[in-house]
Each structure stands twice: as structure tokens, then as C-alpha cells.
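Below is a set of questions and answers on a single structure, meant to be read with the coordinates open alongside.

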There are 4 protein chains.
Amino acid sequence: MDFAPDTTTRDITDRVRDFLADEVLPAEPVLAAQVAATPGDWSFRPVVRDLQAAARGRGLWNLFLPPGGPDGPGGLAAERGGGLTNLQYAPVAELTGYSPKLAPVAMNCAAPDTGNMELLAHFATPQQRERWLDPLLEGEQRSAFCMTEPAVASSDATNIATRIVRDGDEYVVTGRKWFATGAMNPDCGLLVVMGKTDPGAARHRQQSMVLVPRDTPGVTVVRGLTVLGYDDRDHGGHAEIVFDDVRVPASALLGGEGEGFAMAQARLGPGRIHHCMRALGTAERALDLVRERAADRVAFGAPLADQGVVREWVATSRIEIESLRLLVLKTAWLMDTVGNKAAMTEIQAIKIAVPRAVGQILDRAVQVFGAAGVSGDHPLAELLAGVRTLRLADGPDEVHLASLGRAELRRRAPYLARVAPELSTVEGDPT
Amino acid sequence: MDFAPDTTTRDITDRVRDFLADEVLPAEPVLAAQVAATPGDWSFRPVVRDLQAAARGRGLWNLFLPPGGPDGPGGLAAERGGGLTNLQYAPVAELTGYSPKLAPVAMNCAAPDTGNMELLAHFATPQQRERWLDPLLEGEQRSAFCMTEPAVASSDATNIATRIVRDGDEYVVTGRKWFATGAMNPDCGLLVVMGKTDPGAARHRQQSMVLVPRDTPGVTVVRGLTVLGYDDRDHGGHAEIVFDDVRVPASALLGGEGEGFAMAQARLGPGRIHHCMRALGTAERALDLVRERAADRVAFGAPLADQGVVREWVATSRIEIESLRLLVLKTAWLMDTVGNKAAMTEIQAIKIAVPRAVGQILDRAVQVFGAAGVSGDHPLAELLAGVRTLRLADGPDEVHLASLGRAELRRRAPYLARVAPELSTVEGDPT
Amino acid sequence: MDFAPDTTTRDITDRVRDFLADEVLPAEPVLAAQVAATPGDWSFRPVVRDLQAAARGRGLWNLFLPPGGPDGPGGLAAERGGGLTNLQYAPVAELTGYSPKLAPVAMNCAAPDTGNMELLAHFATPQQRERWLDPLLEGEQRSAFCMTEPAVASSDATNIATRIVRDGDEYVVTGRKWFATGAMNPDCGLLVVMGKTDPGAARHRQQSMVLVPRDTPGVTVVRGLTVLGYDDRDHGGHAEIVFDDVRVPASALLGGEGEGFAMAQARLGPGRIHHCMRALGTAERALDLVRERAADRVAFGAPLADQGVVREWVATSRIEIESLRLLVLKTAWLMDTVGNKAAMTEIQAIKIAVPRAVGQILDRAVQVFGAAGVSGDHPLAELLAGVRTLRLADGPDEVHLASLGRAELRRRAPYLARVAPELSTVEGDPT
Amino acid sequence: MDFAPDTTTRDITDRVRDFLADEVLPAEPVLAAQVAATPGDWSFRPVVRDLQAAARGRGLWNLFLPPGGPDGPGGLAAERGGGLTNLQYAPVAELTGYSPKLAPVAMNCAAPDTGNMELLAHFATPQQRERWLDPLLEGEQRSAFCMTEPAVASSDATNIATRIVRDGDEYVVTGRKWFATGAMNPDCGLLVVMGKTDPGAARHRQQSMVLVPRDTPGVTVVRGLTVLGYDDRDHGGHAEIVFDDVRVPASALLGGEGEGFAMAQARLGPGRIHHCMRALGTAERALDLVRERAADRVAFGAPLADQGVVREWVATSRIEIESLRLLVLKTAWLMDTVGNKAAMTEIQAIKIAVPRAVGQILDRAVQVFGAAGVSGDHPLAELLAGVRTLRLADGPDEVHLASLGRAELRRRAPYLARVAPELSTVEGDPT
């Protein structure tokens, strides 16, 4: 066991750190100004494009892309910019969470595109890859993932009501989706749509995915939703989309019929790691802000930094960050060494624990900032809203807690019988 | 001791309940539509004016106004619509919190006007009352309270940097305020401004208040601030205001020089009761929403209402509401019987405990609603933002906790020596 | 609504307060010395008998006994010492919790005898009352309630395995009970035993109760159990008891066959009030101890009372006590005015909330005391153990949370339709 | 970064696991019986001696002993049984926490002897080592650490009141200590006593340590203290000891005058790791117990394992264990690679976080067990008491939280400037 990062990690994180300090942080007020100047605009503002160019120039592009994939070891990744293991990428993702509105997209490492690119890299046909994956890897286009539905509890995939019906050489898609993040962005060309091809099949074989061009007739992007008051207009928002008798060729099916659930699970594993790491970077941002504020702000005769309650908050936050970071890193390592499926328990664990803890850390930071903390003048309020949403994204915490608890209660090998103590012997349920 | 509400309370709450059911709740979607149709508008929309007329017609106007006041018992109140004790008004305020964007303003019982009207009723000269109080009581005008400043920790009143300097027959006001709730509303004519007239005086004698017409030269309403993403554009927002060499006649002073702190304290007592009661009504709204959702929504084979965790949440929420409601009611009763100053400990207690608990109740409700819970389609997200802000309004919780704890640790009479067990023997610090 | 205690309450609490200060608190070290000097002894020590005599002399005897009962209004109570309403008795019970090892038993108001006396007062035949109730009211004998069984989850009454089988003129009792509080005391003559007479009957009609003299052949008091390390040897401990073919005459049946569950429910309502009130008195004791300690103890240059975290703890404790006390008092008032059954929701609410909060209050107090807090030198450790047990007594919190949550989720009348706002419209499940 | 344990760790943990399964767990009821049969006895019972022999036979002896030390790399350790790094020893310590009353002492890895042996290994003269360290390493004798005093807040070392005064060739020790764990054991020959040699020196140079034979005239072992009701009679209890003009030769001084504080700090680092790892093993024991109970116990129609709340508890417990275990392991690794002083922040972090989390895990386990959980029939109650005490041992949590928070607030390097991301840049305060 060794907690020292390897040379690759040190090198890449140093470079990302420089990029953040030199270019991303100074760009934050620029983005704010550009967004303020362009109401009603859901596309990337110029500053994002500038940062993307800078990131590519620094070799910080597509870093999320794991080695290997269908092109063989290193094939796709080496060519496209990636090639880091999950364990190496994790601290990169954390750093991008320090400026979450700019750093991930600047480095072409933003959700939901990363997950969609991974899906395509693993399951797309060569034609599908050429049509969709290449422009995504180049940052020329964006994509959205259409899973959640307004009418049902979508964390239970058997509830999905959208139908994907084979009709001759075509699939016909009918349904209503929402919280399709990024789909308001005019650059978003691809909708990955989850629906049921066979409602009568076994529980986890009913679902399939199709690749639907956003401009297909019958696709209506109804509106942008707000998330705790934010429309996230600066990076494509969250769309409600109606699919009304939408016809795509049979070749638009991703993977095979009935494989939708399994592909969704495969997609979510790395996505959760990324979300969690970014959230930890966000927590570090909050602590940096608190540190500065607490040193300067005086109340009742002393700086806030001298108050016992502030000290206790900061200490608690530090402990939570340090312990959860290690759990995320171990999860990344498990994914690299034993695979996403075997790491299911840990993936669920971080999915539950990190957003909850970071939400608390941000909430305490807001208290330190007083009224400024809930205002738009400091990033805390918007960060808090973003992290709050993670407790619902990919299913509410409670679904994962129940699944993890059930698995733990069924664990067959008692503690003393574990062969490999670094591996959990709980086999997670797919959720 | 008797927990049954009196006849007046039963009667007035029945009437408020009818008003809510008949007119306010149906008006909620109307307000949403009118706001959506009028971007950039910070004034009351027509539906608010309609509801105000209806409320007056039902005799539900100015109910917050306590009996007595400078006009003698019942004088002002009887004439203007009020006359309820704090204990009688408390359940009315709770009911208005069930629809917090409409019910309070419809009944002319919305913050910050209520607090400002109380200030004027207690401390204004006859000329000031005629000029400012009468139109406020008629709902013809709105007002704002300018206390918080961006540059300092304003919960410590000695930090206030705004200066109010006597210059001949005038006062000259200079400073920057923010979070002046309601001040973006064009109907807002009056700014009650707290500043220092004598920075060298004793800690709580440095501050004074002046009544500044919003259109006075030198007053610049800079912008509307957001609160966790919401601009609260439907009821006047939260303004940042610069006072640059603003001159008002000496007669604009409210009360005497050096009495600003004491008047602010007097103003905040009832305000905290009102905030807390409304928050409890909001919590009841959340529980009603959860009850409906949990009955209908099915996940993993059963309605949410059958899931142990949902049951536990709902039970916990119910317990918190019931116990805190009683504490607020007792606080109201203390204010009626022994006065606001003697009720200081209890006022601080509810100020701390209620927003915290209601925030948790709303947060759990959001989890039950999933993605819909953070969206703008259900009221929960905005309610959550509103209640979160209460943990900072009038000073962050931590200031009140420290004050209450200090008082409790200094309490002289041990438990067994208490003469009147219904009265706390802690005398609170002014905060 | 009126939060002032009535004259009776003021008078009786003043007298109880005097009794505590004059006699009970000085007797605490005497009890400790007498217990230390008599290992292996489970009976009342002389100091308890002395205090009982003193309490009777002061008219502080059987105060728990409600007015009315089978003898008509005031009949039994007037004669025996009681006659207080639940609302009047509640602050008395709270005061006794300030010295929970001595004050309740001194005033013949200790569990489980109070509950057993109420059972007998309501359901016993004249012969049963003469035989068992009279000596209990006189304090000449003690009793135990045999409900919990080691082999099953006894909070679900359908799990009860003890059988009570009619055989001619006798009932034959067979089973194993434990946590029969007080049954190690040699003065304990009566065991009230819950068992099943008809396992095939409806869920809540299977159970009956019989009155079993502790010296009946076949009764074996196996051992005294410890509760978090304490054997509670000073007041009769907690016994495991085997009933092996124990024969009692048919006249030993309490109430009718199949009425055991209903009688147990009736018994538990007031018992929960009493437990909760005493727990609040215990919390006040902890705060008094903390206040003294925090004033005197210096660490890192300042008394503990000056530390922010201690202040916050004390403030939080005060808020919890004040709000929960009111909820308990309202519950008592509901029991007096609408009856135990209609107060079910509130009874469950306090049963859940009070031990949890008081446990936290004591836990924080222990931290203030450092190592001394967990030692036997200060009362905190033993008080903590006692309150921890309340989270399990009469069923674990979780059973009550589930029941209360289920009822709340089924509540039919929405908030705005409530006729009598002081009454919960939730009808609790029997648990 | 690599989360796989090395070969040494795998081998040693396999062997410890076998020892636990084969010998320690079967010995638990034997210990209970031997303790029950010998009231008033504070010494090791025969079963402990038998297990010690077995552990030595299996080469599981003194494993806590780090490599190196004053004898050069591997010197002392290789000879005596140890030689594991902190990172290798950590999972061993965790395993011993699965049976904390037997496994640590069986393997001569029990507190406080381990800490005392480390102290002696680092700071003792050859004569002191021969006299005291050798018999301790052989398990022939026990020792106690006399730091905490009843009269002062001992977590602040400047409060220590015990005096160690040089008088010619002797030191004279005067003071009162308590919670000297193990000192009731008649095999305890050595008391390591912390006191002040120079109260006028700098804050952390006032203290020194002397080695006092327990049978020195003037030493009075007053009594055994209880800890939450437990006297821990099976392994030497917790003693109060008076030092009344106790004279030891000058050669009994450990290290130099004024080095007491620094030596205490050095001693506490590894001790905290050990405590935390053992606590995690205890948490695993609780989860194994819960798993078994929840599968078997039926309430309200279903096994406890099917109840949502139980699942959520178990999931939460699993997450806490996994994340905190990693933090402890990283702390061990830091101690191995950069030293105890540089690992101060992490040592404080685990000292705070682990006992708190494990306390919650045990508390939830108690709820699953119902009344049995607080009884002496299952290990949970006693484990809970033990872990609760850890929140006070070596200073209450709050002292460490304040210290960690202060350090974090003073951290100079912002997040983006960190050179070595695996190292915290916070330099802890000595506490």
C-alpha cells in the first residue's frame, strides 16, 4: 500500500494546477460578464472557447478518456489526449471542481459529454463513432443523456415509460424526458435516449438506447428547467424534451436491444467518480474562501478565525475531505484493477457520502459569509445548488443506501474470513 | 396552562384558512404566469392587488398590528384592522406561510413592511406617521429596512459603517447597504436607514435611524441581488443601495439620536416570531406535498409511502413541527404577558431552531420529489432557498447561539430555585 | 391558550422543589454509601425508607395517581394522595427526574409501580385491588411488569411467546421474560405477566395479563441483568424470570381474556409521559452541573464557559429542553382533555424525541466533564446509561417512528381543513 | 498510489485472523466465566496467560514494535517480535479490535503498555531499559501511564499540578492522578508519571517524566474507577493514585528535565493510530453481530434486514468504516514516511473522527438488538462504553478540533499551490 501519487499524476496535476491559476480563475469574472451580457443565450460563451484552445495547447484535453477501449490499449486515448487510469485522472477531476463552471468544459472533461463519449467508445459501431464520437472528442459538438422522466420515479429503471418501437428499418421513439443537461445548448447535436424496447422482458432487459439527432422531426426541446433557482444557462441548462413519434434508422440503436440498462450502469460508474472528485475540489474552494474570509472579517471584537465554532467547522470539513478523498481514490483504483462491476459497493458509497459531506461543507461556508454567502457575488450559493443536485442525480441517495445496505446485510463472508482485505466482499446490486 | 386556542383565534384562523383555500392557492399559478410574462418587472403583479382587495373585503388586513400602541389600547389597531395579541396572530402568520409569496402580502402582513410599520407606530412623530405609516397601512406604498452592509459583519451593530451626520437642519447619510428586501419594487417609497450618528458613544448608543425617501438625490438603487439563485422579482427583490451624501431634514430622524440599536432590537422581536410562524406553515405545505407524492409515486415495487425511510422522515418532521410550534406560541405569549425584552431568550431560541428544522424538513421533501424537487415546477426549491436565508437574516444562527449560551451559562438561579417555572430566568443579551 | 401554570401546579411544584432541596439531594451521597456497603443487596436501602416517610409527611405521596378512576372522580386519588391531572403532575415528574434514583421512589411515583398501580386501579376486581393495589399505594410492596422476552422482538406484541393456558379453575403460565425492572427487590411481591391466551385470535386479541405472586412455585428469578454496565442494584434491578408451569387461580386474570394488548397500551401512555418528564428534569440536572463546571474549569487560558463550542452546546440544550417540555405538557393536556387514545400521536412523538435529545444533552455534558464525566464520581455516566435505555424501553424508537410516519402519511384532512388546530388529526396506530 | 497490501501485511493479517478464529473468539466466554468467578480480582485471568502463550507460539508477539529504534534498524524489533511499519501494523491492530478485551493483550499489544514500551525504547537509558522494558516486552509485567489529574483540565498540559522536585540525588513526586489504566492489576510494577519539574519554564518545557515503581513508599493506589459503569476489572481497571512525597533516585528520570511534554506527544501519535484501528475492528464486530441479528429477528412480519431503516444504518456504517479506515492507513503511512510530527494533522483527524463514527455505529447496533443490546449478554454495551471513552482519552475531541481548525485556518499555501498533494500542508499544533 502506498499513498504517494505516481510520476504521471504529479506531472499532470502540476500542469492542471498551473492552468487553473494562470487561465481558468482569471476567466471566471469574464464568464460572468459574458453571461450577464447575453440573456437568453444557452451556448458556450467566447471565454469557454478561448480556454478550450488554451487547454489543448497545454495538452490538457480529453484527460478523462481511459486507456484501451475498443481500439486496443492506448489506441483511442493516446491519439485523442487521454490515457490516464481512473486513479490518475481522479486528482485531475478534483482540480477541475475548484472552478466547476469553466475548468471541466475547458478541458473537454465535462458531464454529460464525458459519459456519452465513454458510452460511444465502448458500444458504438464504427459508423456511429465517426458520426458522433469524433466531433465530441474534438469539442465541436455537445451531447445530452435523456434518461430521467417527469412522470415516474426514474431511479427505478423499470418505471421508464418512453417507448422505442421497431418499425421496419426504423425505431420510433415516444416519450417525455427532462433534466437532459446541456440540451439547451445549440451546439448539442446528439441525444442519447433511454427507453423500453420490450416492456415484457426481464426487469433489466427491457431497456435500450438510441442515438437521436436533436434536429430530428418530432423532437421538441420544450424549455430549460431551473435547478434550485439556477438555469445553468452558461453551459446548456437542463432541458425538458418531448419525443413525439420520432423516427430514427435502425442503425441508430446503440449496442443491442435490451442492453440499455447494462450500458447505463457502465456509464454511471466513472461518472460518479468524476462527480465526486469534482465535488471535493469544490469543497477545497469553499475552504480557501472561508480561510480568507475568516482572517479578515471581524465580529464582536475578533476575527472569525478566532471563534471556536468556525474552527470546529473548518476542522470537521478538513477531516471529511481527507477521508472521502481517499475513498474516492480507492474506488478509482478498484475500477482500474478489478473493474467497475466489482467496485460497485465503493461506487455507491462515494455517490452517497461525498455530495452529502460537501453539501455540509458548503452550507457551513455560507454561514461564515453571511448574506454574501447566499448572494450571487460569491460562488458559494451556486456551488451549493450544484452539489445539492448531486444527491438526486443518478437516483436519490436513499436508493443507493438501500441497495448498499441490502448487499451488506447479505454479505456471506464474515469479517475474519476475508481473503483480500482490500476488496469489499459485498457484491453490489445494480441500481 | 391551557393549550386550546381562544375564540378569537379559532375565528380568525378559520377565516384565513378559507381565504387561502378559496383565493390564495388558486392564485399561485396566476402569479407564476404574470411573473413569467413580465421579465425585468419588480413591482407587484395584478394578482397581488386583486388578492389584497379580497383580503380587505374579508377583514383580513393588517392583522399583524398589535393592540394598543401609541394611540392607546386598540386605538390604531382597531381602526386599521389589527388588534390581535401576538399569541392570536401567531397561527395566522403560520397559515400565511403555507403560501408565502402571496398570503402575507395579500393581507398586508409581509416583511419588511410589518416591521417598519411597527417601528413607525411606536416611534414616529405624528408628522412621520401621517407621511409614511398611513400609506403603508393602506397598502398604497412599500418600504425597506436598510441595515446590512456588504463591507462588514453587520450582525455586530458596532461594525455599521454608514454615517448619519447632522449638518445644520439636515442629516447627511453616506454608506452602502445591501439586502434591502423589497427596495427594487417601484412602489417602495421609504427607506428606513440605520447608521451611526456618534461612533464614539457607548457600544449600543452609536446608532440612529432616519427615514429616507427612495427618490432623494444621492440614493442609488444599484441592483437586485439574488438569494440562492432567486431574485425574488415578484415582491421587490433585495437591493444594494448606495447613499452618497444624501440629505434629509432633521425631522426625518426616527426616535432620538443613539436610539437606533434599541429600536432595531424592538423591531426584530415580533419579526422573528412572524418569520418562524410562517416557516412552520411552509413546513406544513411541504408535508402536504410529500403526503400526496408518497402516496402516488411508485419505486421498486411499492409507493414511497411504504418505505421505511420516508416514514421516518415524515415522523421526524411532524415531531419537529409540533414541538417548535409550541415554543413559538409560548414566545408569543411571553411577549404579550411579560414583554419583548423578557422574552429575549425564547425569541433567540426560535430564531435559531425553527429555520434550521424547517430547512431539514424541506430538504427531506426535496429528496422525496427527486429531480422535480429542485426544479421550478414545484414550490419546494424556492421555499428551501427562502428558509435557508432565514439562518442568516437578522444575524447568523451562530451569533444567537453564542449569546443564548453565554446567558444560560451565567444564569444565576439554579433549577430548583426558580420561582415561576414558566419564565426563563435567563436574561438575554441584546444581539 | 395560556402557558401559565395553575395555582395547584405552582403549589405542588414549590413543595416538591423544597423536598428535593431539603431532603433528596442531601440523601444522594447517603444512598451511594449505603449501596457501597451492601453488595449483593437488591432491596431499598434505609435512606429510601426515610425519604418515603418524609415525603408522606409533606403530602407528596402517590401524586401520579390521576383523579377519578373506577371509584369515581377523585375517589381513590383523594384518599390516597393523588388527584392531579396529567398536566399538573407533569412538572412534578420533571422535578423528580432531577434526582432520579431517589425522588420518584421517595414519593411512591417510581416506575414500574406507577404503571402497575394504574393498571390495577382501572382493571382490577375489588379482590385484586385489596390484595395488590392497597399495599402498593402504601409503599409496602413493589411490583414488576413482565412483558419483554429474550427470544423475540417484543415490540411486536404478536411475537410474545409466553403462554397463559386455562386449565380448569387455573391459568398455567409458561415462558421466559427479562428486563422485569424491580423484580430483584425482595419487596417485589407481584409480577404482572403478559402472555398469550389465544394465539389464533386477531392480532391484538391474543394477549392477556395475569397477576402472579413472585413466590408462586415455578417462578424462578434467574438473575439480575445489567444495563450498560449498571445493575441498578439500588432499586431492584432488572430481572430475567422463568415461568415453568406456573399455576394461578382463574381469579388472577386481570381484565378479560384477550384484553392484554389494550391494557398494555393504556398503561404505556401515562408511563411515557412520566419517563419523558423525568428525563427533562435529568437534562436540567446536567445543565446545572455543566454550568458549575464550565465556570470553574480552566483550559488553554480561559474557563470552559468562554469557549464557543461550550456556549453553543448549552444553547442547543436549552432550546431542546424548552421545546420538548412544551410538547410533553401539551401531550399531558391532550390526555386530560381528549383521552390517551386521541393523544397517541403526541405520546409517540415525545417517546421518540425526548430520550434522544436528553441523551445528546447528557453526552455533551460528559464531554465538558472530561474523564470525570464517564466515571462514577459524577452522576452523568449513570444518567446517560439510564436515558439511553429509554430509547429501547416500550419498543425501540424506530418502531414508533414507523408507526407515527405511517399515520401521518395516511392523514386524511389536509392542513387547511383542520377543524381544531390544537388537535392532531392523525390517529395513531397502536404499537 | 496503490491500495493493495504488501505481502508482509497479507501474511501477518492472515495469521492474526486465524488466531482470532481459532483461539481468541472461543476464549471470550471463558474469560467471562473466569471474571465472574473472581470478584475483586484485578489481575489477568488464566485464559489470558494461555492466549499469550499461544500468540507467542504463533509468532504474534509485540507486533506493535516498530522497526529500528535506538538499537538501529530492526535491532530491538527483530529480536523481540516486531518490525512492522505502522502501515503494516495498522490492519493487525484493527483485527485485534474485533475482540478488544482479549486479542490485544494476548499479543502483548495492549494499551497502555505499548505506548510505555515505545517511550522506553526511545528515551530510556540502558539501565532503565533493562529494569523496565525487558519484562514488559516479555509480558512479565504491566505498566501504567499517570497523566490525567482529577483536579484540573489535563488536556492542557500547563494545568498539570503534580510536582517532581529534585532533592539531592532524588526526585520527590507529589500529586494525585487518576484514570491510570491497568494500575489496579497486581502485575503492574511501573508507573510512568508526568509532572512539573519547572513550573516557571516555557509552556511546553515545564513537564518531565519519572519512572516510579508502584510499590514505592508514598504511592497509594486509592481505588478503581468505573467507566460508564464498567470497572474493567478483567484487565487492570483504571486507578486513582496518590503520590505523597514519593522519592525515586535521580536515575528514574526518563529523558531530560523539561522533555515530558515532547515525550508525551511522541507517545500519543502511535497510540492514537492503534486506538483508531482497534475501534474500526470493533465496528466490524458490531456489523457482523447486526448482520446475524437482522437476518434472524422478525418484527411486524419481516426480518429486520428487510426494513429500510436498518438497511440505511448498515450502509452508512459501511461507508464510514471504509473511508475512515483509509484515513487511518494513510496516517500510518505518513508516520512511516515523513514522521509523527509531520503527520500531526492526520493523527488529530483520526483521533476525532474514528471514535465518533464508531460510537454511532455501535449505538445503531444497540438499537437493532433492542434490550439485549444494552445488557451484558452481548458485547455491544461494553464496546459502546469503551469507544465512548476514546472521545475523552488523550484530551476531549473539542481540544483537537480547535487545534486542527486553527492550523487549517492558518495554512499558508492555498490549494492550488500545494507541491505534494499527498501531504497536508497544515502543520499541527501540539496538543
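Q: Into which domains does the domain assignment divide chain A?
A: In this predicted model, the assignment cuts chain A into three stretches that follow one another along the sequence. They are domain 1 (7-141), domain 2 (143-257) and domain 3 (261-417).

Q: How far apart do the C-alpha centres of domain 1 of chain A and domain 2 of chain A lie, and how many residues does each give to the contact?
A: Taken between their C-alpha centres, domain 1 of chain A and domain 2 of chain A are 24 Å apart. Where these two domains of chain A touch, with C-beta atoms within 7 Å counting as contact, domain 1 gives 22 residues and domain 2 gives 22 residues.

Q: Which helix gives the most to the side of domain 1 of chain A that touches domain 2 of chain A?
A: On that side of domain 1 of chain A, at least two residues come from each of α1 (7-37), α6 (113-123) and α7 (126-137). By class, the residues of domain 1 of chain A that touch domain 2 of chain A are 12 nonpolar, 6 polar and 4 charged. The helix that gives the most, with 5 residues, is α6(A).

Q: What is the helix and strand content of the span that UniProt lists as "domain: Acyl-CoA oxidase/dehydrogenase middle"?
A: The UniProt annotation, from an unreviewed entry, covers residues 144-246 of chain A. The end C-alpha atoms of residues 144-246 of chain A lie 16 Å apart, and the span is 0% helix and 50% strand.

Q: What is the helix and strand content of the span that UniProt lists as "domain: Acyl-CoA dehydrogenase/oxidase C-terminal"?
A: This annotation, likewise from an unreviewed UniProt entry, is placed on residues 258-407 of chain A. Between the end C-alpha atoms of residues 258-407 of chain A there are 25 Å, and the span is 79% helix and 3% strand.

Q: Why does chain A count as being as compact as a globular protein of its length?
A: Chain A is built with 13 helices and 10 strands. For 431 residues the globule rule gives 22 Å, and chain A counts as that compact because its radius of gyration is close to this, at 22 Å.

Q: What share of the residues of chain A count as buried?
A: Among contacts in chain A between residues at least 6 apart in sequence, 70% join residues at least 24 apart. With 20 or more other C-beta atoms within 10 Å as the criterion for burial, the buried share of the 431 residues of chain A is 62%.

Note on methods. Residues are numbered from 1 along each chain as its sequence is written. Chains are lettered from A and ligands numbered from 1 in the order in which they are written. This is a predicted model: local features need pLDDT of at least 70, side-chain atom pairs count only at pLDDT 80 or more; totals for chains, interfaces and linings use all residues. UniProt positions are given in the numbering used here, feature names are shortened, and annotations may be inferred rather than shown by experiment. Helices (H or I, at least four residues) and strands (E, at least two) are DSSP runs, numbered from the N terminus. The radius of gyration is taken over C-alpha atoms; the globule rule is 2.2 Å times the number of residues to the power 0.38. A residue is buried if 20 or more other C-beta atoms lie within 10 Å of its own, exposed if 12 or fewer, and partly exposed in between; C-beta atoms are placed from the backbone. Domain bounds come from an automatic or database domain assignment. Ala, Val, Leu, Ile, Met, Phe, Trp, Tyr, Cys and Pro count as nonpolar, Asp, Glu, Lys and Arg as charged, and the others, Gly among them, as polar.
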